[in-house]
Amino acid sequence: MNIILCIDKNGGMSFCGKRLSQDRVLREKIIEISSGARLLMNSYSAKQFESLEGIVVDEDFLNNANQGDFCFVEDKEISAENVESFYIFNWNRKYPGDLFFNVDFKAEGFKKIKKEEFQGNSHDKITLEIYSR
């Protein structure tokens, strides 16, 4: 499976119970990245997508994902086990986080294969980094 997530400069995935991913351009990028594959997420994440076409809503999506699937994660801890690649959207800001991404890419055998910056709807600069084994 491939994991898609958003973090701040401290690795925070959420702050004060709020999501980082609330950005229209980001959602379009997620749909683009996962095009041609299954995109899985829980109902919490699915609420922000206008159309659920092509999205699989499953509360246990991380355990039910197959090789090649994409999983959009906002409110769960993540293990690198069974992960093919990570698509990390970095908001380039610091927030008072309450859930943190803590995978050590080097220790888990991942290498950065791509870095791209783009302008979001809510942020002037969002950085996408892709890590693969």
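User: Leaving aside neighbours within four places in sequence, which residues is Ser34 in contact with?
Analyst: This is a predicted model. Ser34 sits in the loop between helix 1 (24–33) and strand 4. Neighbours within four places in sequence are set aside, and the contacts of Ser34 are then Leu39 and Phe70.

User: Is Ser34 buried or exposed?
Analyst: Buried means under 20% relative accessible area. Ser34 has a relative accessible area of 4%, so Ser34 is buried.

User: Which residues cover the two faces of strand 6?
Analyst: Strand 6 spans residues 70–73, and both its faces are covered. On one side the buried residues are Phe70 and Phe72. On the other side they are Cys71 and Val73.

User: How many bridges join strand 1 to strand 6?
Analyst: Strand 1 covers residues 2–7 and runs parallel to strand 6. Within this pair, Ile3 has Cys71 as its bridge partner. The number of bridges joining the two strands is 4.

User: Which residue stands opposite Cys71 of strand 6 when strand 4 is the partner?
Analyst: Strand 4 (residues 39–41) runs parallel to strand 6, and 2 bridges join them. Cys71 of strand 6 stands opposite Leu40.

User: What is the strand order in the open sheet of 3 strands?
Analyst: The pairing in this sheet is antiparallel. Its edge strands are strand 3 (18–19) and strand 8 (97–100), and each pairs on one side only. The order is 3-2-8.

User: Which residue of strand 8 stands opposite Ser14?
Analyst: Strand 2 (residues 12–15) runs antiparallel to strand 8. The two strands are joined by 3 bridges. Opposite Ser14 in strand 8 stands Leu99.

User: What is the relative accessible area of Ile130?
Analyst: Ile130 belongs to strand 10 (residues 126–132). The cut-off for buried is under 20%. Ile130 is buried, with a value of 8%.

User: What distance separates the C-alpha atoms of Ile130 and Ile88?
Analyst: Along the chain, Ile130 and Ile88 are 42 residues apart. Beyond its neighbours within four places in sequence, Ile130 is in contact with several residues, including Phe86, Tyr87 and Ile113. The C-alpha atoms of Ile130 and Ile88 are separated by 6.3 Å.

User: What share of the contacts with a separation of 6 or more comes from residues 24 or more positions apart?
Analyst: The protein has 3 helices and 10 strands. Along the sequence they follow the pattern β-β-β-α-β-α-β-α-β-β-β-β-β. Among contacts with a separation of 6 or more, residues 24 or more positions apart account for 68%.

User: What radius of gyration does the protein have?
Analyst: The C-alpha trace spans about 35 × 35 × 25 Å along its principal axes. For 133 residues, a compact globule would have a radius of gyration near 14 Å. The protein agrees with that, at 14 Å.

User: What percentage of the accessible surface belongs to carbon and sulfur atoms?
Analyst: Buried residues make up 50% of the 133 residues. The accessible surface of the protein comes to about 7,100 Å². The part belonging to carbon and sulfur atoms is 43%.

User: How far apart do the centres of the positive and negative side chains lie?
Analyst: The protein has 18 positive side chains and 22 negative ones. Each set has its own centre, and the two centres lie apart by 7 Å.

Notes: Residues are numbered from 1 along each chain as its sequence is written. This is a predicted model: local features need pLDDT of at least 70, side-chain atom pairs count only at pLDDT 80 or more; totals for chains, interfaces and linings use all residues. Side-chain values use heavy atoms; hydrogens and water are left out. The radius of gyration is taken over C-alpha atoms; the globule rule is 2.2 Å times the number of residues to the power 0.38. Buried means under 20% relative accessible area, exposed over 50%, partly exposed in between (1.4 Å probe, protein chains only). Contact means heavy atoms within 4.5 Å. Accessible areas come from the Shrake-Rupley method with a 1.4 Å probe; for residues, only the protein chains shown count as cover. Lys and Arg count as positive and Asp and Glu as negative; His and the chain ends are not counted. The place of a charge is taken as NZ of Lys, CZ of Arg, CG of Asp or CD of Glu. Two strands pair if DSSP finds at least two bridges between them.
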